[in-house]
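Dear colleague,

I am handing over the structure below for your review. My findings follow directly after it, and I would be grateful if you read them with the coordinates open.

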Amino acid sequence: MEGKGQPAQTAPPNEEAADARERNSAAAPLEVPKPPFERRHKPRIRETPPTPAPPPHLDDYEPLIGRAEIEELRYLAQALREKKMKMVNSTAVGGGVAEILNRLVPLLNELEVSTHWDVITGGNDFFEVTKAFHNALHGGAYQLSNQAREIFLLHNEQNRERMRFDEDLIVLHDPQPVGLIQSKKPDSRQRWVWRCHIDLSNPNPEVWGFLRPFVEKHDAAIFSSQAFARQLAIPQYLFFPCIDPLSEKNKQLDPSYIQQVCDDFGIDRSRPIITQISRFDRLKDPVGVIRAYRMAKQYVDCQLVLAGGGATDDPEGAAVLAEVTEAAGEDQDIIILNLPPWSALEINALQRASTIIIQKSLKEGFGLTVTEALWKGKPTIGSAVGGIPNQIIHKITGLLCHSVEGCAFHIRYLLTHPEFADQIGKNGREHVKENFFITSNVKRWLLLFQLLLRSPRQ
């Protein structure tokens with residue numbers, strides 16, 4: 001499997017200078033005198049999707065990764081130009097898998113590796129079952145009923161009949177479409193891969209026992225962290241998830257736009273801003289973030305922003321949002337933003353305006369919001385779970401916590417030690433450049449594709 005590769009080249013000076021201005025503007029009060037801040041009673045949220053930005057081309061990454069890296073990708077793709085690949089997952093919008101595929105698929109096609117992306121369909125009953133599977137695979141208690149098995153198998157069979165699988169490599173992402181493996185052709189050179197994005201370090205044995213036979217029919221499995229690997233009869237590979245530094249969520253923004261977003265959302269930039277951005281999901285522990293904020297606020301002034309939304313395959317979001325709203329109560333310094341799926345630019349602006357970014361997950365497959373925060377040079381606090389410790393090297397690229405109290409302590413420490421906060425923010429940005437760019441992910445897929453096509457059948 002491919003290693004980390006060479007460190008990425010330094011970004012253009014103007015980008016680094018802009019990042020420094022953003023850090024300063026987020027960490028310190030504005031110098032121009034302003035009237036007292038008046039909190040908006042209702043955030044102004046864009047209700048209609050913007051026109052999608054055209055995806056960047058491979059050459060656009062040269063200032064960040066260098067010409068040699070781009071030429072290496074083109075060289076690796078040469079042997080695959082007659083081959084076809086299919087990616088299958090459960091949602092086109094919302095969540096890290098959809099974000100990755102939105103950037104990965106166009107780049108593979110630009111390299112002339114024909115890649116198609118399919119999304120399975122299902123009713124509320126199916127996604128309620130798969131959400132329960134998701135929680136159970138993260139270690140939650142769950143009793144697998146015959147009805148849940150039947151719903152899962154029925155919808156996978158319906159999708160299998162609807163879809164075609166003529167490609168050389170088919171990749172099924174996460175448990176929802178794993179039953180499609182029944183379409184695997186036994187006497188061909190076709191290869192199937194199960195790409196697992198969730199934390200499987202302590203799965204519910206009943207649910208994992210049900211899914212494992214499907215997984216072992218694949219030719220390989222891919223996990224996001226070393227800790228997630230299971231005892232399987234097929235080869236396993238480590239792929240770190242990734243961000244696209246040129247996407248709407250991660251590209252450089254004009255400072256005036258950042259200020260506009262903060263004004264629309266009622267965020268006071270003259271005071272420290274603590275932010276967690278994630279789906280409203282109990283495993284992201286937004287109520288725990290509120291508790292940590294309140295502990296820290298006894299000693300340091302700050303505001304808390306909880307921004308997120310839902311996904312079409314997650315039916316629990318509304319209930320969790322109600323719990324978060326109740327926990328926030330009448331605190332005017334807690335800003336809760338239920339953002340639609342097309343809010344990438346707004347999320348980018350929120351992260352760049354923040355003083356500290358938190359990801360206090362109870363379980364986490366990887367945590368791309370951590371990657372995004374580190375890329376923007378922000379001091380970041382994350383739970384020591386799942387794939388987060390692959391990104392946050394404690395006290396070097398960020399701070400790891402194990403409890404609400406630990407999170408509160410780190411908030412207080414970073415707000416009272418700005419030089420340390422600034423240094424770990426810089427370190428975190430370099431860590432992302434070297435390890436977690438979409439171009440590194442493209443390279444891993446090209447290498448794995450070649451490896452599987454050359455290997456004998458399992």
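To begin inside the fold, the five residues of strand β4 point in two directions: Arg191, Val193 and Arg195 go one way, Trp192 and Trp194 go the other, and all are buried. The strand covers residues 191–195 and is described as mostly covered, with five of its five residues buried. Please bear in mind throughout that this is a predicted model.

The protein as a whole

The protein has 16 helices and twelve strands. Of its 458 residues, 56% count as buried. Among contacts between residues at least 6 apart in sequence, 75% join residues at least 24 apart.

The parallel sheet

Strand β4 belongs to an open sheet of six strands, whose order is β2-β1-β3-β4-β5-β6 and whose pairing is parallel. The edges are taken by β2 (114–119) and β6 (236–238); each has a single partner strand, so one side of each is left without a neighbour in the sheet. On average, and with direction ignored, neighbouring strands of this sheet are turned by 20° against each other.

The individual pairings can be followed across the sheet. Strand β1 (residues 84–89) pairs with β3 in the parallel sense over four bridges, and Lys86 stands opposite Ile170 in β3. Strand β3 (residues 169–173) in turn pairs with β4, again in the parallel sense, over five bridges. Here Val171 has Val193 of β4 as its bridge partner. On the β5 side, β4 and strand β5 (residues 220–223) form a parallel pair over three bridges, and the partner of Val193 in β5 is Ala220. Between these two strands the chain passes from β4 through helix α7 (residues 205–215) to β5, in a β-α-β crossover that is right-handed.

Helices around the sheet

Helix α4 (residues 96–110) lies across β1, β2 and β3, and its direction is at about 155° to that of β2.

Helix α5 (residues 124–137) contains 14 residues and reaches 20 Å from its first C-alpha to its last, close to the 20 Å expected at 1.5 Å a residue. This helix is mostly covered, since ten of its 14 residues are buried. Among the buried residues are Phe126, Phe127, Phe133 and His134, and Lys131 is also one of them. The buried residues of α5 pack against α6 (146–162) and α7. Just after the helix, Gly139 takes a positive phi of about 105°.

Three residues to examine

Which residues does Glu216 touch, beyond those up to four places away in sequence? Glu216 lies in the loop between α7 and β5, and its contacts are Gln231, Leu232, Ala233 and Ile234. The side chain of Glu216 reaches the backbone nitrogen of Ala233 at 3.0 Å. The C-alpha atoms of Glu216 and Leu232 are separated by 6.6 Å, although the two residues are 16 apart along the chain. With a relative accessible area of 26%, Glu216 is partly exposed; this value falls between the limits of 20% for buried and 50% for exposed.

His394 is placed in the loop between α13 (388–391) and β12 (399–401). His394 is partly exposed as well, with a relative accessible area of 34%. Leaving aside neighbours within four places in sequence, His394 is in contact with Leu399, Leu400 and His410. Its side chain reaches the backbone nitrogen of Leu400 at 3.0 Å. His394 and Ala384 are ten residues apart along the chain, and their C-alpha atoms are separated by 9.3 Å.

Is Thr439 buried or exposed? This residue is found in helix α16 (residues 438–454). Thr439 counts as buried because its relative accessibility is 5%, and the limit for that class is under 20%. Not counting residues up to four places away in sequence, Thr439 touches Tyr61, Ile65 and Leu73.

For a first look, I suggest starting at Val193, which has bridge partners in Val171 and in Ala220 of β5.

With kind regards

Note on methods:
Residues are numbered from 1 along each chain as its sequence is written. This is a predicted model: local features need pLDDT of at least 70, side-chain atom pairs count only at pLDDT 80 or more; totals for chains, interfaces and linings use all residues. Side-chain values use heavy atoms; hydrogens and water are left out. Buried means under 20% relative accessible area, exposed over 50%, partly exposed in between (1.4 Å probe, protein chains only). Two strands pair if DSSP finds at least two bridges between them. A crossover is right-handed if, with the strands pointing away from the viewer, the path from the first strand over the helix to the second runs clockwise. Contact means heavy atoms within 4.5 Å. Axes are lines fitted to C-alpha atoms, for helices over the stretch in contact, and angles run from 0 to 180 degrees between N-to-C directions. A polar contact is a pair of N or O atoms within 3.5 Å; within protein, one must be able to donate a hydrogen and the other to accept it, and residues adjacent in sequence count only if both atoms are side-chain atoms. The expected span of a helix is 1.5 Å times one less than its number of residues.
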